Structures are given as structure tokens and as C-alpha cells.
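Colleague: Could you walk me through this one before I go back to the bench?
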Amino acid sequence: MSGFFTSRLFFVSLALVVIAAILPFYVSGYVLGLLTVAFYFGVFAMAWDLLFGFAGEVNFGPTFLIGVGAYTAGILNNQFGWSVYLCIVLGALASVVAGLVLALPALRVRGPYFGLTTLVAVLMLQNFIVVFADLTGGEIGLTIPDVITINAGANYWIALGFMTISAAILYGLSQSPIGLVLQASGQDPVQAGALGFNIVKHKLAAFIVSAFFSGLSGALLVFYFGTASVGTVVDVAVGVNVIVSAVLGGRRTVLGAALGAIFLIVAGEFLRPTGELATFIVSAVALLVVLFFPGGFLGAALSREARS
Amino acid sequence: MIDGFAISALYALGATGFTLIFGVSGVLNLSHGAIMVAAAVAAWAAASILNVGTYAGALIGVAVALVTAFATYFAVVKPIQDSRRIPNEEKEIFVLTGTLLWGIMIQELIAYFFTNNAKTVLPIVEGVVDILGVRTPKNEIFTAIVCCLVIALLWLLVNRTRTGKAVLAASMNPRGVTLLGLELTNIFIVVWAIYGILAGIAGVLLGMFLGVSSYSVGPLTASAFSIVVLGGLGSVSGSLIAAFVVGYLETITAYLVSPAYRTIPALLLLVVVMYIRPQGLLGRR
């Protein structure tokens with residue numbers, strides 16, 4: 001851990017965060033808005049990477065955790081008018097509960113079977129949102145009366161700060177002994193168990209942490225948008241974006257996931273003039289990266305540094 | 001009831017190819033829905049824009065599915081399987097991500113060239129008949145018959161021919177097949193060809209029966225995936241049973257309760273099965 005503070009990675013990240021922090025003085029509100037969303041997405045992707053890259057659990061339903069957090073926060077605010085911050089905290093807690101629910105099958109089934117359970121969880125959540133339209137706003141979406149702030153710069157800083165803190169915690173966790181045990185139990189659960197580590201406990205912890213950050217980020221995103229809808233926080237397509245970001249940025253790197261998410265959202269925006277082909281181009285680029293640089297952006301950069 | 005039978009037969013046809021590929025090569029092909037939709041849209045385009053007639057249109061649809069299936073194998077699945085930079089235990093997730101992205105690419109291309117509108121392929125047989133007082137489109141009966149015929153043919157192919165036996169052997173023990181001097185790659189190509197044809201037929205029939213749009217890609221993949229898991233990954237007979245269970249469950253819910261709840265009971269059943277019997281109804285592992 002102490003080696004990290006003198007490593008090149010630390011200085012590069014620090015420089016990036018500082019540059020990002022002074023951006024609001026130079027760029028338009030439109031760019032800020034885009035980056036704000038990208039930062040929240042970065043947290044989704046990092047939380048997903050903790051589960052996949054370290055605990056080895058293929059979670060096809062990151063949006064189950066995100067959606068539960070986002071909708072809980074939104075509904076509480078909409079129905080009871082509780083304060084924004086209380087709603088955000090409760091949303092994150094609801095996500096943790098959802099994470100525990102999701103962790104139950106993970107302890108029983110593995111690989112594609114677990115992947116499918118998570119996918120089913122998302123579809124169920126989506127169905128329930130549509131069925132209980134009175135409470136959730138259904139397919140149109142839920143209107144949220146309060147927002148954190150309407151200042152684009154302040155929103156941007158909140159997102160940036162939140163992403164930086166989350167990145168620091170998640171990265172620190174992944175490099176700590178706990179992260180190593182998780183990695184071991186992801187790759188060979190039997191042997192890790194034989195070495196005397198409590199795999200169940202570690203995996204549960206990974207689910208809780210991942211769910212907490214997903215839910216927190218989802219709740220913050222909802223209060224930034226002022227609306228919660230299936231298309232923005234629950235849809236399988238959103239989950240696919242999260243997964244693609246993490247794989248694109250480099251799995252098992254945590255920080256790479258955030259880079260991947262920012263790249264994905266910014267690239268999608270740059271390609272907007274190409275109209276409907278934008279998604280096609282982004283998927284094609286992502287597919288090429290998956291095929292030719294399986295380590296992702298950060299993975300490729302890090303392995304080059306390790307070699308030299 | 002006939003409605004449910006036709007839907008179930010269609011699901012079965014779609015899911016059989018999917019499970020065959022998993023059984024033989026361990027690949028979960030998430031571009032499945034995209035290939036089916038590509039077949040249906042090709043059949044529609046050939047019949048309605050190029051005016052080649054319904055039969056030729058359907059054939060073109062199946063051919064397109066075959067080509068797309070091969071493209072999926074050679075451009076996405078094979079490079080990942082052969083890659084030395086991807087550790088073996090992670091190949092599964094890479095194949096999943098790769099085929100998912102590939103599916104999205106196909107979907108977007110279809111949406112770009114043929115718009116998002118739902119397209120209905122002209123049915124080969126038209127008209128309605130009365131069965132026990134229920135007016136049933138002939139096309140529905142035709143769909144059910146074709147599905148059953150194709151599945152029977154597949155059964156014969158797998159159990160009675162030399163190639164089929166090689167495929168079956170490969171699904172049981174890939175290494176043993178290589179030791180017997182059969183080229184595993186050739187078997188994979190045969191399986192992908194069978195898969196392409198099955199997905200193509202299912203896609204074209206679906207296009208005639210319900211109509212498809214580029215939006216159907218996700219739900220189609222999801223339904224094939226859940227049927228296959230319900231029946232047991234890699235078990236063809238298991239997915240046949242599961243397809244009928246899901247097909248009838250959906251139809252009954254849609255008729256008795258409300259079309260809005262259509263997919264919920266099937267999903268609940270899936271969750272229950274996953275908890276009690278994670279390997280599926282007839283799974284081996």
C-alpha cells in the first residue's frame with residue numbers, strides 16, 4: 001500500500017483529478033453535465049469490477065442494485081418528502097439489502113447460472129416497476145420534487161468528489177489483504193477455502209460494498225436528473241454499458257473501469273452526429289478492444305510499464 | 001391452446017440450437033436474438049422489397065441466419081477461444097461480452113437500414129380454419145408442424161448419422177473425440193451450421209407469426225437463455241420440455257390475467273428452479 005503513494009499510477013490519477021476539478025472554470029455547462037453523468041457511471045463500473053474482477057462473480061444485473069437504490073431514494077422523496085440526504089442514505093441501504101438478496105444464489109450457483117439469476121433479477125425489477133406504476137411512475141418515469149442543487153458546477157464537483165472517494169476506497173480495498181483473498185476465492189474457491197479463508201464472509205462483504213456504492217451512485221444520479229426511469233437506471237442496456245465500460249477499461253483494475261465509463265459516455269456523445277450508428281460504432285470499438293486488448297486500456301498500459 | 005402450442009414450438013426451435021452450441025462448445029451465444037431477427041428481417045426484405053416470393057424469401061432468411069451464425073463463430077467466438085492472452089477461466093465471460101456486443105452491432109445495423117418498425121413476414125399459408133369452434137390461422141398450424149418436423153429431423157441427425165454422433169460425442173467429452181482422430185474444429189463448424197439453420201427457421205416463422213423488430217433482440221435472447229437454463233444447459237430434451245412449460249405459462253397468463261404480466265410467472269418459475277435445482281430440469285451437472 002505504501003508503495004502506491006510513490007507509484008506513477010498515483011501521480012497520474014492525482015494529476016487527472018486536479019485537472020478535472022478545475023474544468024468547471026473553463027468549459028460549458030453542457031460538457032459538465034455530460035461528465036457528471038459519466039462520473040456516476042464510473043462508480044457503477046468500479047463497483048461492478050469489484051464483484052467480477054475480484055470476487056469472480058459475473059453479475060449481469062448491475063442495474064438491479066443501481067435501480068433499487070435509485071428508486072428507493074426517489075420514491076421516498078416523492079411520497080414522503082423526506083430530505084434529499086436522508087433519501088440517498090436510505091437508497092444506498094436498500095441497495096445493500098438487494099445486494100444480500102443477490103448474494104444468496106451466488107453462494108449456491110456459479111458461472112453462467114449466477115449470471116442468469118442476476119439477469120432475471122433485473123427483468124423482475126423492471127416488471128414490478130411497470131406493474132406498480134402508481135408508486136413508481138411506471139414506464140414514463142418517476143418525478144422527483146427535490147434536487148441536490150441546480151448549479152452545474154456544484155453538481156459536477158459532487159460527482160467528481162464522489163467518484164474520487166469511491167475510487168480511493170474501492171481501489172484501496174482491492175489492493176488490501178481482503179482484495180487478495182477475494183481474488184483467490186474468485187479464481188479457486190476450493191483452494192482458498194483450504195488455506196483457511198472464510199470465502200462466504202469475503203464474498204458477502206464484496207456484494208455489500210459493491211451494492212452500497214452502486215446504490216449510492218444510483219440515488220445521487222436520480223437527484224441529479226430529477227427523475228428516475230427504467231431507461232436510465234434499470235434497463236438491461238444500461239447494465240450492458242456498465243459491463244462494457246469495466247471490460248473496456250480493464251477488468252481487475254478498478255480505476256480502469258471508471259476510465260472505460262467516461263470514455264464510453266463521451267464517445268457516445270461525440271458520435272451523436274452519426275445518429276443511429278453511434279451505438280454500432282461504440283459496440284464495434286468495444287468488441288475490437290475485447291478481442292485484441294483483453295486487458296483493456298489500463299491493463300495494456302500497466303503491463304507495458306511492468307515490462308519496461 | 002393451439003396458440004400456446006405454436007408459441008412453445010417456436011421457443012423450442014430457437015432454444016434447441018442455443019443449447020446445442022453450449023453443450024458442444026460451452027459457448028453461450030448472446031447474439032442469438034439478433035441472428036433470429038436478422039433472418040426474419042431478411043425474409044421480409046426479400047419478399048416485400050425484392051418481390052422474390054414468400055418461399056424464396058423464407059429461404060433467403062434462413063441463409064442469412066446461417067451466414068450470420070458463421071460470422072459470429074469466426075469473427076467473435078473462435079478468436080476468443082484461440083487467444084492466448086485471455087486466461088482459460090475467463091474465456092466464458094469474454095465470449096459472453098463479445099457475443100453481446102456483436103448482437104448489439106447486428107441490432108443497430110438492422111435498425112439503421114430497416115428502421116425500428118415491426119415487420120411481419122408474409123405467411124406461406126394463408127387463411128383460417130375452425131378447430132373445435134376456435135378460429136385458428138392456418139399459419140399457426142403450419143408453424144407448429146414445421147417446428148415439430150425440424151426438431152424430429154434434428155433428432156434423427158444427431159442420433160442416427162455419423163456426423164450427428166460425432167457432435168453428440170463432442171458434447172459429452174471433447175477430449176475423447178480428439179483422441180479418436182476427429183477434428184474438433186470441424187464438429188464446431190457443423191454445430192454452428194445446424195444452429196444457424198435452426199435460428200433462421202425459428203426467426204422466419206416468428207416473423208410470420210408475431211412480427212419482429214430490432215427491439216425484439218433482447219427479449220428473444222433472454223427467453224432462449226431462460227428456457228435453456230430451465231431445461232438444463234446443454235440438454236436438448238430438457239429445453240424442449242422447458243420451452244413448452246414457458247410457452248404455455250406465458251400464453252395462459254396473457255389470456256387469464258393480463259398481457260402485461262405475461263413474462264412474470266415464467267421468471268418466478270425460473271428463480272424457483274434456480275434455487276432448488278440449479279442444474280435445471282434435466283441438466284447433467
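Modeller: What follows goes from the two chains to their interface, then to the core and one helix pair. This is a predicted model, in which local features need pLDDT of at least 70 and side-chain atom pairs count only at pLDDT 80 or more, while totals for chains, interfaces and linings use all residues. Residues are numbered from 1 along each chain as its sequence is written, and chains are lettered from A and ligands numbered from 1 in the order in which they are written.

Colleague: How many helices and strands are there in chain A?
Modeller: Chain A has 15 helices and 2 strands, taken as DSSP runs numbered from the N terminus (helices H or I, at least four residues; strands E, at least two).

Colleague: And what does chain B have?
Modeller: Chain B has 11 helices and 2 strands, and along the sequence they follow the pattern α-α-α-α-β-β-α-α-α-α-α-α-α.

Colleague: How much of chain B is buried?
Modeller: Of its 285 residues, 50% count as buried, where buried means that 20 or more other C-beta atoms, placed from the backbone, lie within 10 Å of the residue's own. For chain A, buried residues make up 51% of 308.

Colleague: Switching to the interface, how many residues of chain B are in contact with chain A?
Modeller: On the chain B side there are 36, in contact with 32 residues of chain A, a contact being two residues whose C-beta atoms, placed from the backbone, lie within 7 Å. Helices H3 (54-82), H4 (91-114), H9 (217-231) and H11 (264-276) of chain B each supply at least two residues of that side, and the largest share, 14 residues, comes from H4(B).

Colleague: What is that side made of, by class?
Modeller: The side of chain B that touches chain A has 26 nonpolar, 6 polar and 4 charged residues, with Ala, Val, Leu, Ile, Met, Phe, Trp, Tyr, Cys and Pro counted as nonpolar, Asp, Glu, Lys and Arg as charged, and the others, Gly among them, as polar.

Colleague: Now B:Ala38, what is it in contact with?
Modeller: Leaving aside neighbours within four places in sequence, B:Ala38 is in contact with B:Val64, B:Ala65, B:Thr68, B:Ile106 and B:Ile110.

Colleague: Last one, how do H6 and H8 of chain B pack?
Modeller: Helix H6 (residues 162-172) and helix H8 (residues 184-209) of chain B pack at about 105 degrees, with their axes 10 Å apart; axes are lines fitted to C-alpha atoms over the stretch in contact, and angles run from 0 to 180 degrees between N-to-C directions. H6(B) and H8(B) are therefore roughly perpendicular, a term covering 65 to 115 degrees. Their contact has 7 nonpolar, 1 polar and no charged residues.

Terms used. Angles under 35 degrees count as roughly parallel, over 145 as roughly antiparallel, 65 to 115 as roughly perpendicular and the rest as oblique. A residue is buried if 20 or more other C-beta atoms lie within 10 Å of its own, exposed if 12 or fewer, and partly exposed in between; C-beta atoms are placed from the backbone.
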